[in-house]
Structures are given as C-alpha cells and as structure tokens.
Amino acid sequence: MRKNLSLVILISAAVLFILNPPGESQKTPPQILQTQGEKPKFLLPPKKSQLTFTEKKGQALYDYYCVLCHGAGGNGDGFNSYTLTTPPAKLADPNLMTKLPDAQIVAIIKGGGRAFGLSPQMPSWGGLFKDKDLNALVAYVRTLSRRTATGG
Ligand code: HEC
C-alpha cells in the first residue's frame, strides 16, 4: 500500500512536470515589433483597440476594398499585388503619405490612378463611397504611415 502511494506521487509529479516544466511560467509573452530606434522589418495592421471610432470604420472599408492590393499593413504587398505590373503604393510609407493631402487621397479613391497619370491598376471607385466613408478611409490610411514613422 505504501509502495502504491509513492508510485502515485511519482506519477503525479511526472505529469505535473510535463504539463508545466520549470521555467515555462517565467516566459514573457512574445513581443511583436519591438523596435527601439531601428526600423521594423514588417508592419502589422494596427490593433482595433488603438483606433478611434472613425478609424475603425475606415479599417473595415480598407480591409474589404483595398487590402488585396495595398496589404494589411499598407506595405503594398496584398495577395493581388503580385499580379500587377505597377506595384501598389506603400500607404505605410511616410515619405509618400506626407506628400498626399487628404483631398488628394479622396480624389484618387474616386478617380483612380488613370485620372492622375498613375497606373490604371489603382481602380476608380467613383461615387461608391459616401463622404463620411471617404473620411474614414483617409483616417485609417493615415494610421498606417503613422506607425511606420514611430516604429510601432
Ligand atoms: C487592384 C489593386 C488596387 C486596389 C484594390 C486599390 N489600389 Fe490603390 N493603388 C494601386 C496601385 C497599383 C497604385 C500605384 C499607382 C501608381 O503608382 O501608378 C495605387 C496607388 C494608391 C494611392 C497612391 C496614389 C499616389 O498619389 O501615389 C493611394 C492613396 C491608394 N492607392 C489608395 C487606395 C485605397 C484607399 C484603396 C481602397 C479603397 C485602394 N487604393 C485600392 C492598386 C490598388
């Protein structure tokens, strides 16, 4: 009986060890984009919780209409980007985005690339979006380059 008891204790200890090996509990959660000073390698879309209400609305539209070419992080690497002869603009690039006023972003969404001497592969959405949707899209697109500029 004593022998059985120590066997049970031994087995429970082994099971506990397998389920929760020492050191496991001290692990810190994985850090994404830990970039102090240096440039991040890639950018993830901003967390919903960091966005304003308008930006969240813009994200929903962006994820539906723009993400396939411009990519989730605005790096021009959406899955459809590889089929295009002109690479989609990197909307996460602060150098590009500071040159584009809000009105110009709205104009290119409505008129498409062709209207501005750019690639016709940037589609024209015409009157598809209401003004408040366009504002939301611009607000969200802006957050993509803000993260690049601050490195996170
Ligand atoms: C079918 C692919 C595709 C989709 C979908 C798409 N774009 Fe583009 N976009 C492009 C390409 C390609 C360019 C680059 C044009 C060039 O540089 O000649 C571009 C360029 C741009 C530019 C930069 C214009 C400039 O002056 O450099 C903005 C801003 C933009 N797109 C916003 C959007 C937004 C917002 C959406 C969603 C509503 C969207 N795009 C959807 C392909 C796409």
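**Entry 1: Val-141**

I began with Val-141, which I located in helix α6. The model is a predicted one, so I treat every value below as computed from it. Is Val-141 buried or exposed? I record Val-141 as buried, because 25 C-beta neighbours lie inside 10 Å and the threshold for burial is 20 or more. Setting aside residues up to four places away in sequence, I found Val-141 touching Tyr-62, Leu-91 and Ile-105. I also checked Val-141 against Cys-66: the pair is 75 residues apart in sequence, and the C-alpha to C-alpha distance is 9.9 Å.

**Entry 2: the nonpolar core**

I next looked up the largest nonpolar core, which has 16 residues. Which of its members touch the most other members? I noted Tyr-62, Leu-91, Leu-137, Tyr-140 and Val-141. Helix α6 gives this core its largest share, seven residues. As general background, I noted that nonpolar side chains in soluble globular proteins tend to be buried together. Two of the residues that Val-141 touches, Tyr-62 and Leu-91, are also on the list of core members with the most such partners.

**Entry 3: overall layout**

I then listed the secondary structure of the protein chain and obtained six helices and zero strands. Read from the N terminus, the order of elements is α-α-α-α-α-α. The chain has 152 residues, of which 20% count as buried. Taking the contacts with a separation of 6 or more, I found that 52% of them join residues 24 or more positions apart.

**Entry 4: helix α2 and its partners in space**

I examined two residues of helix α2, which spans residues 53-65. Phe-53 has its place in this helix, and Lys-56 is found there as well. Phe-53 is exposed, because 9 other C-beta atoms lie within 10 Å and the limit for exposed is 12 or fewer. Lys-56 counts as partly exposed, because its C-beta neighbours inside 10 Å number 16. I then looked for residues distant in sequence from each. Phe-53 and Ala-136 are separated by 83 residues in sequence and by 8.9 Å between C-alpha atoms. Lys-56 and Tyr-140 are separated by 84 residues in sequence, with 7.2 Å from C-alpha to C-alpha. Tyr-140 had already appeared in my notes on the core.

**Entry 5: His-70**

I turned to His-70, whose place is in helix α3. How many other C-beta atoms lie within 10 Å of His-70? I recorded 25, and His-70 is therefore buried. Not counting residues up to four places away in sequence, His-70 touches Gly-76, Gly-78, Pro-88, Ala-89 and Leu-91. Leu-91 is thus listed for His-70 and also for Val-141. His-70 and Ser-81 are 11 residues apart in sequence, and I noted 7.1 Å between their C-alpha atoms.

**Entry 6: the ligand shell**

I looked up the surroundings of the ligand and found 24 residues there. Which of these are the closest? I entered Cys-66, Cys-69, Leu-118, Ser-119 and Met-122. Helices α3 (67-70), α5 (102-111) and α6 (131-150) each supply at least two residues of the shell. Sorted by class, the shell comprises 18 nonpolar and six polar residues, and no charged ones. Cys-66, among the closest to the ligand, is the residue I had paired with Val-141 in the first entry.

**Entry 7: confidence**

Lastly, I checked the confidence of the prediction. The mean pLDDT of the protein chain is 83, and 74% of its residues reach 70 or more. Where among the elements is the mean pLDDT lowest, and where highest? The lowest belongs to helix α1 (residues 2-19), at 67, and the highest to α3, at 98. I marked residues 30-35 separately, since pLDDT stays under 50 there. For that stretch the model has seven contacts beyond four places in sequence.

Terms used:
Residues numbered from 1 in each chain as written. Predicted model: local features only at pLDDT ≥ 70, side-chain atom pairs only at ≥ 80, totals over all residues. Helix = DSSP H or I, 4+ residues; strand = E, 2+ residues; numbered from the N terminus. Near = placed C-beta within 6 Å. Nonpolar A, V, L, I, M, F, W, Y, C, P; charged D, E, K, R; others polar. Core = buried A, V, L, I, M, F, W, Y, C linked by C-beta atoms within 7 Å. pLDDT = per-residue confidence, 0-100.
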